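Thank you all for coming. I would like to spend a few minutes on the spaces inside one structure and along its surface, so please have the sequence and the model in view while I talk.

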Amino acid sequence: MYGNEKRARLLAESAAFIALIAVGGWISIPILIIPFTLQNIFILLAAAVMKRYAVIPVGLYVLFGSLGLPIFHNGTAGLGVLLGPTGGFLIGFVIMSAVAGWLFEKETIRYDILACAAFVTGLYVFGTAWFMISTGAELTAALLACAVPYIPGDIIKCVIVEAVILRLRSAKNKTSQTNNDIHS
């Protein structure tokens, strides 16, 4: 084989997930100040597929958007978005993708659920805290703007992600079994 197969896979997966996260930001329903997007699904899938390396595409996504590529929600970009009311969610994406990726390495349903719960909870913490700092809002108002309306959607997103993860693992196990049968 030519080159480093692991590095090539990491680059390909990173590029694909950066694109998917950006597309997830374009699929947006404006609710109050914080839009409802599909970025969480793709970040959680990156964590499930890439494990601890999911922080690479997520970090690059935030970096590219901060540098001016219009890939944040609704095609926004720049440091102003990072410093604005939604900036805490963007920083939370990076940190919580690392946490979720580490938990997904266990590859059990219990840890998958924990990864999704930790990811979403961490996003609420980062997003709400930064929202309070950037807008001067009180905790109750910030929670009503940043967390409460999104809980049902985030639960649905976690269920979708888990269904996809279970299918991916099933396919991976079938491939491994087939390869073992061929080599036996």
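By class, how many nonpolar, polar and charged residues does the lining of the largest pocket have? Before I answer, please keep in mind that this is a predicted model. The lining of the largest pocket has seven nonpolar residues and seven charged ones, with no polar residue among them. As for where to look, this pocket is lined by 14 residues, and those nearest its centre are Arg9, Glu13, Val49, Met50 and Lys51. Two or more lining residues come from each of α1 (5–26), α2 and α8. The volume of the largest pocket is about 460 Å³.

Let me turn now to the second largest pocket, which holds about 200 Å³ of space. Its lining is made up of 13 residues, and if you look for the closest to its centre you will find Cys116, Ala117, Asp154, Ile155 and Cys158. Here the elements that give two or more residues to the lining are α6 and α8, and α6 provides the largest share, with seven residues. By class, this lining has nine nonpolar residues, one polar residue and three charged residues.

Next comes the enclosed space. With a threshold of 30 Å³ or more, the count comes to one cavity, and about 230 Å³ of space lies in the largest cavity. There are 17 residues in its lining, and Ile34, Pro35, Thr37, Asn40 and Phe89 lie nearest its centre. The elements that each contribute two or more residues to this lining are β2 (35–37), α2 (39–50), α5 (87–104), α6 (109–135) and α8 (151–183). Sorted by class, the lining of the cavity has 10 nonpolar, five polar and two charged residues.

Finally, I would like to move to the surface, where Leu139, Leu143, Leu144, Val148, Ile151, Ile155 and Val159 make a nonpolar patch of about 600 Å². At least two residues of this patch are supplied by α7 (139–146), and at least two by α8. Ile155, then, is a member of the patch, and we met Ile155 earlier among the residues closest to the centre of the second largest pocket.

Why is Leu143, which lies in helix α7, described as partly exposed? Leu143 is called partly exposed because its relative accessible area is 34%, and that term covers values between 20% and 50%.

That is where I will stop, and I am happy to go back to any of these places in the model.

Terms used. Residues are numbered from 1 along each chain as its sequence is written. This is a predicted model: local features need pLDDT of at least 70, side-chain atom pairs count only at pLDDT 80 or more; totals for chains, interfaces and linings use all residues. Side-chain values use heavy atoms; hydrogens and water are left out. On a 1 Å grid over the protein atoms alone, a cavity is a set of points where a 1.4 Å probe fits but cannot get out, and a pocket is an open set with protein on both sides within 12 Å along at least five of seven lines; lining residues have an atom within 4 Å of a point. Grid points are joined across faces, edges and corners, and a volume is the space filled by probe spheres set on the points. Helices (H or I, at least four residues) and strands (E, at least two) are DSSP runs, numbered from the N terminus. Ala, Val, Leu, Ile, Met, Phe, Trp, Tyr, Cys and Pro count as nonpolar, Asp, Glu, Lys and Arg as charged, and the others, Gly among them, as polar. Patches are made of residues with over 30% relative accessible area and no salt bridge: like charges are joined within 9 Å, nonpolar side chains (Val, Leu, Ile, Met, Phe, Trp, Tyr) within 5 Å. Accessible areas come from the Shrake-Rupley method with a 1.4 Å probe; for residues, only the protein chains shown count as cover. A salt bridge is a side-chain nitrogen of Lys or Arg within 4 Å of a carboxyl oxygen of Asp or Glu. Buried means under 20% relative accessible area, exposed over 50%, partly exposed in between (1.4 Å probe, protein chains only).
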